[in-house]
Amino acid sequence: MPEFVEVEAYRRTVEPLVGARIDAIDVIDDRILRRSEPAFVYGVVGGASIERTRRIGKVLLLDLSGGHTASLTFGLRGWLSLDGRVALASGGWRDRQPKPEHVRLRLDVGGKIVELEDQLRLATLEIDIDESILGVDVMTLTKTQLIDLLRRTSRAVKTALMDQHRIAGIGNLIADEIFYEAGVDPRRAASDLDDDELSALWAGLRRTRERVLERNGSHQGALIQSGARERGGRCPRCDVELQRVQVGGRTTYFCPGHQH
Ligand SMILES: [Zn+2]
C-alpha cells in the first residue's frame, strides 16, 4: 500500500508539469471516478493548467486553473509515471513503464504523458475533496502535535497513529517500524503512554520518516529490511521471536523483548 513516501514520489513525478496545460484526459476505467460524473471530471480537468502540486498524507492534489483541485489516491499497487519514468522521493528518477492493460487514466500534459497504473482498481480520482477531514501531514508533523493527538485518545496507539483524519500518511508498514524503533508496544492505549514513551515514539517517527525518504520506500525500514517482518521472524535487536497480532484490524509485528 502506498504510504506518504510513495505518494511523495508520485507528486515529484508530476511536479515538472506545473504551468503546463492538460490537453487531453482519458479515463480508461470510470470506476476510478467513484461518485463523480465523467462529464464533470472531463470538463474540469480537460484544458486546465496545473498550477501547483501538493500532497497531504497519501493523497496527491493537483491545483488547476479555474479554481478546482483534482485529487488522486492510489490503493494497493497503484502508481503514476511520466513518459515511462517515476521520480524518487530522495531525488532523481528511474525508468518504469506501466503495463498497458492496467492503465486506468492517461493525461496528455503539454505533450508529456502521465499514466496511472492500477492493477487492482483501487485508485480514485476526485474533484474538490474536503481537505479539512485530512490530518496533519506526517512530513510536517511536530512533536507537540503528535503528543497532543495521542494524549487525547484511549485507542490503541498504533490505531491512533494511522488515523488519516489526525495524522495523514502513515500506513501499516511504517507504523510497525516506528514502534519497533521506539520500543513501544503498539497495542497500548495512547493516553497511557508517559512522557518518556511519547518522546521515544517521536524519535522513532522521525528516524523512520527520514530513513524511508532517503531509501525511497515504506518497505525500507529496519524491520522489513532485516527480513524479520514475517511469520517466525526474530527481532534483529534481541533475537526474540516477533509476535504477529491484529491491531485495529491490521496485521502487526512487534517484539515482546524490547517493545513494552
Ligand atoms: Zn527486540
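Begin with burial across the whole chain: in this predicted model, 51% of the 260 residues are buried. With a surface representation switched on, the accessible area of the chain amounts to about 11700 Å². Carbon and sulfur atoms account for 46% of that area.

Next, display the C-alpha trace and align the view with the principal axes. The C-alpha atoms occupy a box of roughly 55 × 35 × 30 Å. The radius of gyration is 20 Å, which agrees with the value near 18 Å that a compact globule of 260 residues would have.

Change to a cartoon and colour by secondary structure. The chain contains 7 helices and 14 strands. If a contact map is available beside the viewer, consider the contacts between residues at least 6 apart in sequence: 65% of these join residues at least 24 apart.

Now select the charged side chains. There are 38 positive and 39 negative ones, and the centres of the two sets are 3 Å apart.

From the negative set, select Asp-118, which is located in strand E9, spanning residues 112–118. Is Asp-118 buried or exposed? Asp-118 is buried, yet has no salt bridge. Add Arg-104 to the selection: this is the nearest side chain of opposite charge, at 4.5 Å, whereas a salt bridge would require a side-chain nitrogen of Lys or Arg within 4 Å of a carboxyl oxygen.

Finally, show the surroundings of Asp-118, leaving aside neighbours within four places in sequence. The contacts of Asp-118 then include Arg-104 together with Arg-77 and His-102. Ile-32, Phe-74, Leu-76, Gly-78 and Ala-123 are also in contact with Asp-118.

Definitions and conventions. Residues are numbered from 1 along each chain as its sequence is written. This is a predicted model: local features need pLDDT of at least 70, side-chain atom pairs count only at pLDDT 80 or more; totals for chains, interfaces and linings use all residues. Side-chain values use heavy atoms; hydrogens and water are left out. Helices (H or I, at least four residues) and strands (E, at least two) are DSSP runs, numbered from the N terminus. The radius of gyration is taken over C-alpha atoms; the globule rule is 2.2 Å times the number of residues to the power 0.38. Buried means under 20% relative accessible area, exposed over 50%, partly exposed in between (1.4 Å probe, protein chains only). Contact means heavy atoms within 4.5 Å. Accessible areas come from the Shrake-Rupley method with a 1.4 Å probe; for residues, only the protein chains shown count as cover. Lys and Arg count as positive and Asp and Glu as negative; His and the chain ends are not counted. The place of a charge is taken as NZ of Lys, CZ of Arg, CG of Asp or CD of Glu.
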